[in-house]
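Biologist: I'd love to hear how each label in this model is earned. Please set every value against its definition for me.

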Amino acid sequence: MTVSTSLPDPAAIRARCAASASHVVIEAVPETGSTNADLLARLPAGELAGPVLRIADVQTAGRGRAGRPWLSAPGASLTFSLAWPFKGPLQRLAGLPLAVGVALAETVASLGVPVQLKWPNDLMKDGAKLAGILVETGTAPDGVLWAVIGCGMNLTMPDEMEARIGRAVSSAPWLARMDRDELVALLLSRLAAVLAEFDDTGFAPFRERWNALQAWRGQPVNILDHGAVRQQGLAAGVDDAGRLLLDTPAGTVAVLSGDVSLRLA
Ligand code: ATP
């Protein structure tokens, strides 16, 4: 299989971006600890003047939620973060990881790779995780609220990495064969359009698009909190704030993402 391995080229990405992303500064590095950590570190000193996309060919300390590791390998993974300013308030950003999921899933689907969304922050392909999203927030010295939106996507999955992850994972060899700059430009353009809309409207207008892509819809699921089952029910989509709705014998229950994990029952 031919896999595109060249490092991302910011000028080539920019040239392929839609107008929605024309104001985004694009940076590419061969390696860093975490692109999210790099961008968050610039916030306290007021070093972010506008949206920035930072792509790394490999992250040595990639993170998921609650400090869980996100693994990547050179040439095999797409890892990037996008810093974006928001009007706020902070509570509104609770639905942001879900809106980002819609943007990424719709882009990937438009390239012929059908995916589903697992609440709150994962893209699933063939029943296993293809990509993860990590949204972290901070406030700049001028009081502006920023979100740093990280994405790690498996283009191919080296055996050694799969063994280290230790659970079923997916990859998208079809996307691995694409021009990497073109792929990033398509993802960034859709993401930028969704973020601009989200900043005006919040999550509510994305709800139906998210629900149409929901993994495990109507199936029995468990909500795990630190490994213990906290709630059980049938997965019934999300509400206007991005909370997961569970149908239970006692009625419909809304679950806030916090740090709980969703599993098939
Ligand atoms: P969970 O996956 O337990 O439901 P989560 O969706 O919040 O929780 P994250 O914290 O976002 O998961 O992602 C970190 C987890 O993803 C790790 O604990 C590991 O199991 C898994 N993981 C790490 N690297 C990869 C990868 N490249 N591809 C797929 N899964 C990975």
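Modeller: Happy to! Helices (H or I, at least four residues) and strands (E, at least two) are DSSP runs, numbered from the N terminus. Residues are numbered from 1 along each chain as its sequence is written, and side-chain values use heavy atoms, with hydrogens and water left out. The model is predicted, so local features need pLDDT of at least 70 and side-chain atom pairs count only at pLDDT 80 or more, while totals for chains, interfaces and linings use all residues.

Biologist: Where does Ser77 sit, and why is Ser77 called buried?

Modeller: Ser77 belongs to strand S3, which covers residues 77–86. Buried means under 20% relative accessible area, exposed over 50%, and partly exposed in between, with a 1.4 Å probe and protein chains only. Ser77 has 2%, so the label is buried.

Biologist: What does Ser77 touch, leaving out residues up to four places away in sequence?

Modeller: Contact means heavy atoms within 4.5 Å. Among the residues that Ser77 touches are Asp57, Met153, Leu155 and Arg180. A polar atom of the Ser77 side chain also lies 2.9 Å from the backbone nitrogen of Ala73. That pair can be set against the polar contact rule: N or O atoms within 3.5 Å; within protein, one must be able to donate a hydrogen and the other to accept it, and residues adjacent in sequence count only if both atoms are side-chain atoms.

Biologist: How do you know that Arg54 and Asp38 form a salt bridge?

Modeller: A salt bridge is a side-chain nitrogen of Lys or Arg within 4 Å of a carboxyl oxygen of Asp or Glu. Arg54 and Asp38 come to 2.8 Å, N to O, so the pair qualifies. Arg54 is in strand S2 (residues 52–59) and Asp38 in helix H2 (residues 35–40), so this bridge ties together parts that are 16 residues apart in sequence. The structure holds 16 salt bridges.

Biologist: Buried or exposed: what are the labels of Arg54 and Asp38?

Modeller: Arg54 has a relative accessible area of 12%, so it is buried. Asp38 has 21%, so partly exposed is the right label there.

Biologist: What makes Glu27 part of a network?

Modeller: Glu27, Asp38, Arg42 and Arg54 are linked by salt bridges. Glu27 lies in strand S1 (residues 25–32), and the side chains of Glu27 and Arg54 share a polar contact of 2.8 Å. Beyond its neighbours within four places in sequence, Glu27 also has contacts that include Pro10, Val52 and Ile55.

Biologist: How do you know that Glu106 and Arg209 are paired?

Modeller: Their side chains meet in a salt bridge at 2.9 Å, N to O. Glu106 is in helix H3 (residues 96–110) and Arg209 in helix H7 (residues 207–212), so the pair joins parts that are 103 residues apart in sequence. Glu106, at 18% relative accessibility, counts as buried, while Arg209, at 30%, counts as partly exposed.

Biologist: Which residues come nearest to the ligand?

Modeller: Near means that a heavy atom of the residue lies within 4 Å. Of the 17 residues around the ligand, Arg65, Leu71, Asp122, Lys129 and Asn154 come nearest. An oxygen atom of the ligand is 2.6 Å from an N or O atom in the Asp122 side chain. For Arg167 the corresponding distance is 3.0 Å, and for Arg263 it is 2.9 Å. Taken alone the ligand exposes 630 Å², and the protein buries 94% of that. Those areas come from the Shrake-Rupley method with a 1.4 Å probe; for residues, only the protein chains shown count as cover.

Biologist: Why are S8 and S9 called paired strands?

Modeller: Two strands pair if DSSP finds at least two bridges between them. Strand S8 (residues 220–225) has six bridges to S9, so the condition is met, and the two run antiparallel. Leu224 stands opposite Val229 in S9. Their hairpin has two residues between the strands, and His226 takes a positive phi near 50°.

Biologist: What is the bridge partner of Leu224 in S12?

Modeller: That partner is Ser261. S8 and strand S12 (residues 261–264) pair in the antiparallel sense over four bridges.
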